[in-house]
Amino acid sequence: MLNKEECLQIIASQRTDEIVITTMGMAVPWARISTHPLDYASVGSAMGHAADLALGIALARPDKKVVVLNGDGSMLMCLGTLVTITGLKTPPINYLLFVCDNGTYEVTGNQPVPRNADFSWTTIAKGAGFQNVYEIDDVDFLKSDLHKIWKQVGPTFVNLKIAQAHEPPPDRWGSFQYPYLQESIATSTHKLRKTLSEL
């Protein structure tokens, strides 16, 4: 089982100029380690839409890798995104989706995510049509192989088996002193678009 913060540190060490979309339980921990202008927190609006927001960005900017740090609860809320990605005539090769899987809706109180004993994110991803699918529960493997996964032609799906944590709900109303949570989602969106237009 992986530690979420350690995973995010490893991912951050791999990152150069990629767009990184975070949501729910990933937003605040990522903000503690990154203040990159291409960070975007998909919080403060409808839950579960980080993966499809990132898909739109990946299609609009095929020259930029887009990395999604999603939760398992958020991914379940928008499963149709997976088949939308792979069902495109030209799936985005610049799309890298991490599902950080701790089995709970962490930010609302760690209620269990509905699943049976045979539930498998890798089975779902492969069934949806992803060619590059990984399940990682060992930090040494993540450290040694992330650079290979990162460079693969996507779309790529990575299930990170992380331990339960107790992240509070992220918000944009001043509770967290991180730049990308100090603005409205509209302002953040305009800033990201402006930054991308200048690249």
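Let's start with two helices, α1 (residues 4–14) and α7 (residues 139–151). Their axes come within 10 Å and cross at roughly 30°. Axes here are lines fitted to C-alpha atoms, for helices over the stretch in contact, and angles run from 0 to 180 degrees between N-to-C directions. Helices (H or I, at least four residues) and strands (E, at least two) are DSSP runs, numbered from the N terminus.

A word on the source. This is a predicted model: local features need pLDDT of at least 70, side-chain atom pairs count only at pLDDT 80 or more, and totals for chains, interfaces and linings use all residues. Residues are numbered from 1 along each chain as its sequence is written, and side-chain values use heavy atoms, with hydrogens and water left out.

Back to the helices. Which residues in α1 meet α7? They are E6, C7, I10, I11 and Q14. On the α7 side we find V139, L142, K143, L146, H147 and W150. Contact means heavy atoms within 4.5 Å. The residues of this contact divide into seven nonpolar, two polar and two charged. Ala, Val, Leu, Ile, Met, Phe, Trp, Tyr, Cys and Pro count as nonpolar, Asp, Glu, Lys and Arg as charged, and the others, Gly among them, as polar.

Now the sheet. Six strands form an open sheet in the order β2-β1-β3-β4-β8-β7, with parallel pairing. Two strands pair if DSSP finds at least two bridges between them. The twist averages 15° from one strand to the next. Why do β2 (39–41) and β7 (132–136) each have one side without a neighbour in the sheet? They stand at the edges, each with a single partner strand, so one side is left free of a neighbour.

At the β7 edge, five bridges join β7 to β8 (residues 156–161). One of the bridge pairs is E135 with N159 in β8.

Next, β3 (residues 66–71). It pairs with β1 (residues 19–22) over four parallel bridges, where I19 has V66 as its partner. Six bridges join β3 to β4 (residues 95–101), also in parallel. There, N70 partners V99.

Is β3 buried or exposed? Six of its six residues are buried, meaning under 20% relative accessible area (exposed is over 50%, partly exposed in between; 1.4 Å probe, protein chains only). In a regular strand, side chains alternate between the two faces of the sheet. On one side of β3 sit V66, V68 and N70, and on the other V67, L69 and G71.

Finally, the whole chain. The protein chain has eight helices and eight strands. Of its 199 residues, 52% count as buried.
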